[in-house]
Amino acid sequence: MANQEDKFKKVISHAKEYGYVFQSSEIYDGLSAVYDYAQNGVELKNNIRDYWWKAMVQMHDNIVGLDTAIFMHPTTWKASGHVDAFSDPLIDNKDSKKRYRADVLIEDYCAKIETKINKEVNKAAKRFGDAFNKDEFISTNPRVVAYQEKINAILSRMAKSLEDEDLADVKALIEELEIADPLSGSKNWTDVKQFNLMFGTKLGASAETAMDLYLRPETAQGIFVNFSNVQKTGRMKIPFGIAQTGKAFRNEIVARQFIFRMREFEQMEMQFFVKPGTQAEWYEKWKEDRLKWHLSLGMGAENYRFHDHEKLAHYADAASDIEFKFPFGFKELEGIHSRTDFDLKAHEEFSGKKLQYFDHEENKSYVPYVVETSIGLDRMFLAVFSHSLVEEELENGTTRTVLKLPAVLAPTKAAILPLVKKDGLPEIAHNIVEDLKWDFNVAYDEKDAVGRRYRRQDAAGTPFCITVDHDTLDDNTVTIRHRDTMEQQRVKIEDLRDIIKQEVDVKTWLMRML
Ligand code: ATP
């Protein structure tokens with residue numbers, strides 16, 4: 001645990017030190033759970049967004065993009081259910097005065113039991129060696145089976161109580177399990193209450209005429225209310241999708257863990273409209289495709305898992321999360337939801353406008369069903385950044401800090417370094433920068449010894465360093481050093497573009513999805 005915490009602290013301090021993420025309004029001591037992306041962070045974030053957009057929009061001839069306003073007519077949020085149901089169950093500890101999400105306290109309790117299961121599994125794996133069959137052990141070992149049954153019983157009781165809005169039972173469950181405030185150890189709890197997560201604001205100048213608005217808590221509704229506009233003007237045929245990326249706002253109660261849970265964040269969402277009755281197939285297809293997108297980045301299949309939901313949101317008939325192994329454990333990175341026809345029907349009802357599709361093959365109109373893929377851009381940023389940050393022991397006994405970002409996402413693709421600041425080497429390096437900058441983000445760096453400059457670029461995540469030395473003057477060759485292997489090659493200046501392109505090209509990476 002301490003190790004995990006240390007690793008996470010390093011992630012946060014590295015993000016600041018290397019110009020990735022700053023606390024918002026830091027000079028005023030910051031604003032809780034609000035962050036700014038710095039000079040490298042904005043590039044990484046843009047690259048992740050592009051990588052998603054290319055995979056979802058550019059590569060699908062039946063998916064188009066959209067960019068809707070953050071402000072929406074307030075009835076949108078009545079129709080979507082957010083005014084009535086977009087809330088978290090809250091509980092306060094009377095002694096510490098700290099506020100928690102009741103469901104998270106219970107889930108954390110279950111996670112502790114899961115740690116015990118993992119310990120049993122690891123012990124048995126050691127004992128049995130090669131003969132160990134993990135699945136069989138988990139399903140037959142009495143202690144593990146009992147732990148698992150306990151987890152299942154707790155989670156299904158919580159799911160039922162939340163669904164029935166029986167908040168007294170959620171509190172009873174916390175008390176029965178003797179869950180204590182993680183900070184103070186106190187078990188002196190208030191009742192559980194619902195707390196709406198939407199931020200309100202006002203549109204208009206005078207108090208009497210101003211209209212109460214919400215900052216959108218998800219981008220999806222902008223897609224639903226435009227369903228007919230896009231379908232008709234784009235002459236879209238079902239099945240088809242509409243994708244958008246943009247800011248969303250939630251007044252999160254427990255907003256810790258850096259950019260994992262923010263109050264202002266960015267989503268990348270795609271709503272896929274299908275014929276009623278085919279949603280289950282499309283749900284499976286999108287689960288599979290979205291996982292492939294993640295795996296194409298090469299961050300290790302073992303770091304992802306699906307978590308199918310027991311408790312479904314009011315609009316869904318199936319839902320699953322793609323969880324990623326963050327420094328603080330497996331947590332939701334993306335949601336894939338089968339949203340039925342809930343949203344379009346609700347908007348039809350509240351607006352009095354038809355949101356239907358005329359199916360020429362069937363010769364009838366219907367409200368399409370929807371399968372949604374929804375990923376937090378900031379959370380994806382944290383997944384990529386935290387996974388990439390490694391401390392490496394080198395053969396000579398020293399360590400190096402290296403940010404092994406997938407090259408396609410790296411903010412700067414190459415740093416051009418003159419070995420010394422004289423003899424015409426800086427001029428050649430500048431010329432290389434001038435030439436490559438048409439295709440890639442590149443940087444020039446002449447300060448400090450070249451070894452230090454390599455380390456600085458390693459820590460900033462730059463996949464290539466290109467060094468201009470005295471031999472360059474004679475033969476127009478330079479040294480290109482690869483960040484991850486530290487291997488160095490002598491290559492012609494004219495070949496640099498192709499060498500870099502091969503490693504950073506979106507196409508090369510996305511092809512891995514096929
Ligand atoms: P959680 O259970 O973590 O609160 P959620 O299930 O409410 O998330 P969704 O409404 O499904 O999340 O939103 C889709 C995606 O948006 C999530 O998978 C996550 O990546 C991202 N996301 C949601 N809330 C936040 C937040 N407060 N900060 C950053 N990203 C978020």
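1. By class, how many nonpolar, polar and charged residues does the shell around the ligand have? In this predicted model, the shell has seven charged residues, together with five polar and five nonpolar ones. The ligand is surrounded by 17 residues, and those that come nearest are Glu252, Arg261, Met262, Glu332 and Leu333.

2. Three contacts to oxygen atoms of the ligand deserve individual mention. In the side chain of Glu332, an N or O atom is 2.6 Å from an oxygen atom of the ligand. Gly376 contributes through its backbone, with an N or O atom that lies 2.9 Å from a ligand oxygen. For Gln267, a polar side-chain atom lies 3.4 Å from an oxygen atom of the ligand. The protein buries 87% of the 590 Å² that the ligand exposes when taken alone. As a general remark, the size of an interface is often expressed as the accessible area that is lost when the parts come together.

3. The secondary structure around the ligand can be stated briefly. Two or more residues of the shell are given by each of β10 (264–274), β13 (329–340) and β16 (369–376). Among these strands, β13 provides the largest share of the shell, namely five residues.

4. The domain assignment divides the chain into domain 1 (1–74 + 197–389), domain 2 (87–196) and domain 3 (412–513). Domain 1 is thus assigned as two segments, 1–74 and 197–389. Between the C-alpha centres of domain 2 and domain 3 the separation is 51 Å.

5. The second largest pocket merits a separate comment. Its volume is about 380 Å³, and 16 residues line this pocket. Ala55, Met59, Leu510, Met513 and Leu514 are the lining residues closest to the pocket centre. By class, the lining comprises nine nonpolar, five charged and two polar residues.

6. Which domains each supply at least three residues to the lining of the second largest pocket? They are domain 1 and domain 3. At the level of helices, α2 (39–58), α11 (279–295) and α18 (506–510) each supply at least two residues of this lining.

7. Two features of the backbone should be inspected. The peptide bond that leads from Ile238 to Pro239 is cis, and its omega is near 5°. Pro239 is placed in the loop between α10 (227–233) and β9 (240–249). Phe258, although not a glycine, has a positive phi of about 60°, and this residue lies in the loop between β9 and β10. For context, most peptide bonds are trans, and most residues other than glycine have a negative phi.

Technical notes. Residues are numbered from 1 along each chain as its sequence is written. This is a predicted model: local features need pLDDT of at least 70, side-chain atom pairs count only at pLDDT 80 or more; totals for chains, interfaces and linings use all residues. Side-chain values use heavy atoms; hydrogens and water are left out. On a 1 Å grid over the protein atoms alone, a cavity is a set of points where a 1.4 Å probe fits but cannot get out, and a pocket is an open set with protein on both sides within 12 Å along at least five of seven lines; lining residues have an atom within 4 Å of a point. Grid points are joined across faces, edges and corners, and a volume is the space filled by probe spheres set on the points. Helices (H or I, at least four residues) and strands (E, at least two) are DSSP runs, numbered from the N terminus. Ala, Val, Leu, Ile, Met, Phe, Trp, Tyr, Cys and Pro count as nonpolar, Asp, Glu, Lys and Arg as charged, and the others, Gly among them, as polar. Domain bounds come from an automatic or database domain assignment. A residue is near a molecule or strand if one of its heavy atoms lies within 4 Å of it. A polar contact is a pair of N or O atoms within 3.5 Å; within protein, one must be able to donate a hydrogen and the other to accept it, and residues adjacent in sequence count only if both atoms are side-chain atoms. Accessible areas come from the Shrake-Rupley method with a 1.4 Å probe; for residues, only the protein chains shown count as cover.
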